[in-house]
Amino acid sequence: MFLSARKTALLGFISTVLLAQTPDSATIHGHVIDQSRGAVSGAQVVLTKNGSPLKRNAETDAQGDFTITTLPVDGNYTITTTKEGFGPAKLAGIALEGGTAADIDIQLNVASGSAQITVTGAAGEIRTDAPQLGDRIAGRQLQETPMLDRRITYLPLLNSANRPAINQGDIFTNQDLFTTDGAGRRQTWYEVDGATASDSWGRQTIFTTIPLPSVQEFDVLVNSFSAEYGGSTGSAVNIVTRTGANRWRGELLEVWRPSATEAALSGFTTTNATSGNDVASNTLGQTDLSLSGPLGSDNKTHFFAAGEFIREDKGSPIISPIAPGIYDGHYRGWLGFFRIDRQLNDRNNLFFRSGLDAFYDTNPNGIVGGNSLPTVARVFHRRTYTEELGETAVFTPTLVNNIRLQFQLASPITEFDPVVFGTQYSVPVSSGGTFTTGTSQSALLMNRQYQLADTLTSIHGRHTLKYGASAIAAHTGGDSKEFGGPIYDGEFIYKTCTLALAICESQTYLSNIANVATYTQSYGNASYTVNDVLWSVFVQDDYRIRQNLTVNLGVRYERQTFTDFKKGLAPRVGFSYSPWSDGKTVIRGGFGVYYSQVVDNSEANYALTGPTGVFNYTAAPGQIGFPVSVAAAPLPAFPAGAQAPLRSLYVRPGEASYLSQFFPTSVLNGYPSELVNPYSQQWTLGVERKLAPGWVLRADYVGSHTLRITRPLDIDAPTPFIRTSQGQIRSAQAANCTRPYWIWWYSQQGMVCNPNTATNPQPPYSVIQTDVDDGHSFYDALQVNLNGRVGANFNMMASYTWSHTIDNVDPDIPSQNPNDANFTGRIENANAIFDQRHRLVLSGVYVTKFGIHIGGIVTLASGLPYNWVTGTTNSGDTGATTDRPVIGGVVVGRNEGRGAPTYEISPLMERPFRINEHLRIEPRIEVFNLLNHPNFVGYSGTYGNGTTPGAGFGLPLAGVTNQLPARSVQFAVKVTI
């Protein structure tokens with residue numbers, strides 16, 4: 001018979017990553033004393049996992065301390081402590097969480113019934129173990145948070161340090177994109193069950209998405225990560241998946257979102273839509289299934305399986321009289337998940353995880369819509385597979401090893417297939433718009449990733465040491481790039497048609513070669529391959545100097561073979577201090593260096609736009625290469641006798657020797673000698689205070705300085721063109737004559753460049769871009785988070801961030817050319833495109849006495865900046881600058897515009913019904929953007945080239961890439977057995 005234990009804290013541990021275990025496991029630190037507060041050495045501690053044969057043993061040292069590390073986080077534990085001469089102490093129902101540590105203080109007493117067990121770091125309690133900042137989402141919060149399409153990539157937005165980035169990236173991934181702490185949208189590092197889940201090719205989102213029912217917990221870390229994390233200057237997302245238990249359990253969920261209950265996006269109608277992103281209707285149907293339980297009769301093998309099928313249709317208005325109406329783009333997605341765990345013996349545990357993520361979209365990024373007919377449609381495909389094998393070996397109670405093997409296949413990672421593969425026809429219409437039909441732009445790209453990761457944890461007194469290594473070998477490549485690049489079947493650009501629209505779009509008009517203004521066709525090789533290895537080693541020491549003071553010391557070395565950088569040493573240091581040792585107040589801080597991966601699809605620019613890559617040749621009537629008829633396209637080969645066109649290049653840094661056969665890099669403006677990885681220096685200082693049982697307030701200052709941000713830059717830039725008033729323009733030819741390469745080329749030929757008109761011969765290249773590393777950013781923020789819980793009936797999280805980000809180039813965002821390629825330093829310093837000063841997110845769930853669950857999310861945020869441009873290439877540096885307007889005699893700074901604030905209220909209501917002991921039904925309704933507030937994130941920054949702003953300047957842009965979703969209602973019914 002065991003003595004009863006007095007529990008002085010709630011169980012369950014909500015915190016962020018501790019440095020002493022792998023991200024998908026947890027640690028228990030314990031201290032055993034007697035009635036006189038003296039340390040009890042030699043006490044036997046037994047930890048058992050309920051419903052599982054897993055058992056771990058430990059013995060207290062001379063100071064009464066013990067540590068049990070690398071514990072699976074699914075399920076609950078029971079801890080029992082015994083010592084001869086004392087009554088035993090037992091505590092059941094301990095719920096551990098990935099990457100965290102529980103502190104358990106045990107007082108053994110001789111008198112029966114008086115043993116005491118105190119737990120700190122529990123749900124609603126103060127965390128005393130590490131400096132990391134972030135939030136853990138699990139349990140009811142995970143299952144009941146409103147999410148569009150139930151996509152787990154929306155969960156990071158519950159923390160106000162994360163901001164949506166739909167106006168900065170590719171929405172065709174059909175996942176939520178976000179930015180964190182002044183870093184770009186490609187900087188999130190995903191980790192699933194201790195293995196990397198990031199895509200090295202594009203780093204757009206998680207490699208293989210996990211179905212929501214398969215997620216045990218979801219940790220969003222926004223700063224001060226331990227040395228086990230790398231490859232990112234932004235946030236880290238750590239996901240721990242579910243496994244089965246001794247009881248069989250199954251779920252069936254059906255979700256539907258009808259178009260009849262949704263509101264329309266603002267800024268357009270079905271008669272003036274400009275593209276397929278002006279979505280007029282959106283319907284959804286989704287089915288989720290999951291099943292888990294034991295395999296065999298020994299209760300040592302358990303499994304969890306889940307699947308998802310999603311059906312979404314988006315209607316895009318077509319205003320062309322040829323085929324007016326609504327074009328329905330069809331999205332179909334499949335997710336699959338399977339995990340099996342086997343307890344081999346008391347010392348070894350094995351698991352295998354398999355995942356599938358596949359979908360296709362018949363109108364990605366709104367290709368069809370406006371005047372673009374279904375004949376220009378391209379279908380986007382993506383299929384990814386993940387297989388992971390993991391093993392935990394307990395050599396001794398103080399020496400534990402974790403190994404992970406993983407294979408990831410994206411077949412494809414990107415595939416664009418034209419519905420009508422052929423020559424493209426584009427007809428400008430005088431009454432407005434351009435009629436386009438046909439396309440030969442396609443893409444097929446693959447990615448294979450192989451990973452081996454191992455972490456050895458060793459406990460020496462108050463030190464928990466961890467030694468780790470990881471290697472990811474990535475083999476990527478294929479043909480073309482996103483949305484497809486080359487137009488191998490050619491494109492006819494017609495003269496402006498002044499006839500009736502129906503005639504302009506007729507086959508008779510298109511077939512008449514006399515109506516054609518120019519013909520363009522691509523030539524060259526669009527295939528490439530990238531072999532990249534990302535490897536790292538790290539050492540981490542979690543040193544518990546005293547019961548109330550922990551110091552975390554770590555160092556990591558990273559190397560990416562795709563780049564030339566070999567000095568990726570990243571120190572990490574942090575502390576967590578409880579000044580009054582009462583578990584109510586903690587002061588914490590940290591500093592670290594974090595390196596970012598350069599995405600492998602950078603090779604697409606180098607290969608397709610390099611000297612031996614793809615180029616376009618354009619001919620007008622009467623010129624060599626102009627087809628004799630429309631039917632003669634495409635041409636079989638580059639036209640004989642035609643002069644190669646003036647080309648713009650995009651070359652890789654660090655290849656001066658190779659490029660010397662085409663041009664001397666020594667004459668360019670600072671051609672980089674190597675391709676390097678960006679890095680950031682991050683620091684935090686904050687305090688956490690327990691306000692009342694279950695209520696914790698955290699306030700932190702967060703700072704970050706990112707250096708060597710990679711940016712495209714014309715290193716053959718013309719001389720500066722200083723503008724002091726609007727309307728000043730330099731011709732492209734005049735600008736070209738001042739380019740360093742052109743000056744060298746003409747001097748070699750003994751010729752003089754004519755600034756007024758192009759002459760033959762002329763240099764083969766104009767713009768020569770490369771990736772330079774002169775980008776930088778500064779981020780300062782106050783992050784305040786309040787977490788509250790009242791029993792099992794109420795939980796909430798309030799997250800507020802004030803921040804300011806200044807940079808000289810916005811990372812991971814297209815069209816980031818400077819006003820003048822000669823001036824890219826501090827003169828370009830300005831608010832970052834994602835500089836959202838204020839962001840507040842409230843979320844939670846309340847269970848009424850009638851069993852109705854009421855909750856949701858409220859988000860309020862400042863407006864985002866946007867850039868002002870003239871819409872004209874004033875400097876003459878075609879394709880390599882973004883000319884900004886002149887106001888008050890000077891060129892305005894970057895991102896001078898500021899959009900309107902956004903707010904959104906998204907409530908939910910759910911009422912579970914228990915039919916019998918084994919059957920439970922839960923109907924649910926969610927409303928996104930209840931008030932239908934038009935939340936614009938994209939604005940027209942085209943000022944024009946005149947003295948006054950042009951029409952539409954500063955107005956919000958329409959479409960799903962420029963506006964957060966309008967009101968929609970999502971219904972669901974879940975059946976649990």
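In this predicted model, Tyr741 is buried, with a relative accessible area of 2%. The residue belongs to helix 7, which spans residues 740-749 and in which Pro740, Tyr741, Trp742, Trp745 and Tyr746 are buried. These buried residues pack against helix 6 (732-736) and strand 38 (765-790). Just beyond the end of helix 7, Gly750 adopts a positive phi of about 70 degrees.

Aromatic pairs in the model number 35. One of them is formed by Tyr741 and Trp744, whose ring centres lie 6.0 Å apart with the planes at 20 degrees, so the pair is stacked. The two residues are three places apart in helix 7 and are thus separated by about one helical turn. In an α-helix there are 3.6 residues a turn, so residues three or four places apart point the same way. Trp744 has a relative accessibility of 29% and counts as partly exposed, whereas Tyr741 is buried. Elsewhere, ring pairs connect Tyr425, Phe492, Tyr494, Tyr509 and Tyr519 in a cluster. Rings also take part in contacts with charged groups. The charged end of Arg708 sits over the ring of Phe565, at 4.4 Å from its centre. In a further case, Arg911 lies over the face of Phe913, with a distance of 4.7 Å to the ring centre.

The structure contains 35 salt bridges. Side chains of opposite charge can pair when their charged atoms come close. Glu217 and Arg136 form one such bridge through their side chains, with an N to O distance of 3.3 Å. Because Glu217 lies in strand 15 and Arg136 in strand 10 (residues 133-138), the pair ties together parts that are 81 residues apart in sequence. Glu217 is buried at a relative accessible area of 0%, and Arg136, at 11%, also counts as buried.

A salt bridge also joins Arg711 to Asp774, where the closest N and O atoms are 4.0 Å apart. This pair links distant parts of the chain, with Arg711 in strand 37 (residues 695-714) and Asp774 in strand 38, 63 residues apart. Arg711 counts as buried at 1% relative accessibility, while Asp774 is partly exposed, with a relative accessible area of 28%. Strand 37 also contains Asp714, and Arg739 lies in the loop between helix 6 and helix 7, so a pairing of these two residues ties together parts that are 25 residues apart in sequence. Their side chains meet in a salt bridge with an N to O distance of 2.8 Å. Both Arg739 and Asp714 are buried. Salt bridges with shared partners also join Asp193, Arg339, Asp341, Arg353, Glu388 and Arg404 into one network.

Five strands form an open sheet in the order 25-24-28-29-34, with mixed pairing. Strand 25 (434-437) and strand 34 (615-619) stand at the edges with a single partner strand each, so one side of each is left without a neighbour in the sheet. On average, and with direction ignored, neighbouring strands of this sheet are turned by 15 degrees against each other. Strand 24 (residues 424-428) pairs with strand 25 in the antiparallel sense over four bridges. Within this pairing, Pro428 stands opposite Thr434.

Two hairpins were examined. Strand 3 (residues 44-49) and strand 4 run antiparallel and are joined by five bridges, with Val46 having Asn57 of strand 4 as its bridge partner. Five residues lie between these strands, and Gly51 in the turn has a positive phi of about 75 degrees. In a regular strand the side chains alternate between the two faces of the sheet. Along strand 4 (residues 55-59), Arg56 and Ala58 point to one face and are buried, while Lys55, Asn57 and Glu59 point to the other and are not.

The other hairpin comprises strand 41 and strand 42, again with five residues in between, and Gly851 in its turn has a positive phi of about 80 degrees. Nine bridges join strand 41 (residues 838-847) to strand 42 (residues 853-861) in an antiparallel arrangement. Strand 42 is also joined by nine bridges to strand 47 (residues 902-910), which runs antiparallel to it. Leu860 of strand 42 is the bridge partner of Leu840 and is paired with Tyr903 in strand 47.

Ser200 lies in the loop between strand 14 (195-196) and strand 15 (215-223). The residue is buried, with a relative accessible area of 4%. Apart from neighbours within four places in sequence, Ser200 contacts Asn447, Gln449, Ala474, Leu534, Gln597, Val599 and Asp600.

Key:
Residues are numbered from 1 along each chain as its sequence is written. Side-chain values use heavy atoms; hydrogens and water are left out. Two strands pair if DSSP finds at least two bridges between them. Buried means under 20% relative accessible area, exposed over 50%, partly exposed in between (1.4 Å probe, protein chains only). Axes are lines fitted to C-alpha atoms, for helices over the stretch in contact, and angles run from 0 to 180 degrees between N-to-C directions. Contact means heavy atoms within 4.5 Å. Rings of Phe, Tyr and Trp (its six-membered ring) pair if their centres lie within 6.5 Å; planes under 30 degrees apart count as stacked, over 60 as edge-to-face and the rest as tilted. A charge sits over a ring if NZ of Lys or CZ of Arg is within 6 Å of the ring centre and within 35 degrees of the ring normal.
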